[in-house]
Amino acid sequence: MALSPTLHTILTTSVSAPSPKLPPSISSPQRFPFLTKPLRPNAFNLSTSSSAPDQKWRVNVSFFPAFLNKGKDAKVLKQDLLDCIAPLDRGADATPEDQQRVDQLASKLEAVNPTKQPLKSDLLNGKWELIYTTSKSILQTQRPKFLRSSTNYQAINVDTFRAQNMESWPFFNQVTADLTPLNARKVAVKFDYFKIGGLIPIKAPGRARGELEITYLDEELRISRGDLGNLFILKMIDPSYRVPV
């Protein structure tokens, strides 16, 4: 089936067989991509015997400040990541070196993920804007800029396990999908309907499916990785939005 690559936003689909021909504004679907850092063992001897009062004092001044600074470190990492991707036009202008740097920062942030079970968290609900991806099918860098979708969104309802991808000008295409949890942070994704121009519904082919793992989630940022290895970074724009039934 011919689909706008940007229509997939952060969900990719595997292609195993030819599909019916669609309007020229749409291209073949790809794969459908929709830790907390362990505390280091305390190096100090935690004995409270009267023979080592200074040792006990050192535990109080070294361990607890490090624990309290963990949230602050996550904020710094997140800001570093946002600063790094800001000039990259959602990844379209990223060099291989830029991509490597973004991936390294994303990995560091994933290591301090505050939401261990994102698929059970209300933080997942709402409408998200894609601010960075490595997916060429979404970025469409081979097209002139005026033919690329200027903004991509994804909405998720964790209570119904439904997802919706939307693109803005110039096509306004949409797609909805069912999500099937594989574990507490990974889902299998299956498209059901595409809407050309946001109006004309077309049933999705059975092969339009894939997997997505949510590797970082807080109230304002989400990081996901697709089954083709693509990285997706999104920011929350409307936590009240729900996928239409």
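Reader: Why is Trp 169 called exposed?

Author: This is a predicted model, and in it Trp 169 has a relative accessible area of 56%. Exposed means over 50%, so Trp 169 counts as exposed.

Reader: And what makes Phe 172 partly exposed?

Author: Its relative accessible area is 41%. The partly exposed class lies between the 20% and 50% cut-offs, so that's where Phe 172 goes.

Reader: How many aromatic pairs are there?

Author: Two, by the ring-pairing rule. In one of them, Trp 169 and Phe 172 have ring centres 6.4 Å apart, with the planes at 75°. Centres have to lie within 6.5 Å, and planes over 60 degrees apart count as edge-to-face, so this pair is edge-to-face.

Reader: Why are Phe 191 and Phe 194 called tilted?

Author: Their planes are 45° apart, and the centres are 5.0 Å from each other. Stacked needs under 30 degrees and edge-to-face needs over 60, so an angle that fits neither is tilted.

Reader: Are those two rings buried or exposed?

Author: Buried: Phe 191 has 0% relative accessibility, and Phe 194 comes out at 0% as well. The cut-off for buried is under 20%, so Phe 191 qualifies, and so does Phe 194.

Reader: What makes you say that Arg 222 sits over the ring of Trp 128?

Author: The charged end of Arg 222 is 4.8 Å from the ring centre. The distance limit is within 6 Å, and the charge must also be within 35 degrees of the ring normal. Lys 127 lies over the face of Tyr 241, too, at 5.4 Å from the ring centre.

Key. Residues are numbered from 1 along each chain as its sequence is written. This is a predicted model: local features need pLDDT of at least 70, side-chain atom pairs count only at pLDDT 80 or more; totals for chains, interfaces and linings use all residues. Side-chain values use heavy atoms; hydrogens and water are left out. Rings of Phe, Tyr and Trp (its six-membered ring) pair if their centres lie within 6.5 Å; planes under 30 degrees apart count as stacked, over 60 as edge-to-face and the rest as tilted. Buried means under 20% relative accessible area, exposed over 50%, partly exposed in between (1.4 Å probe, protein chains only).
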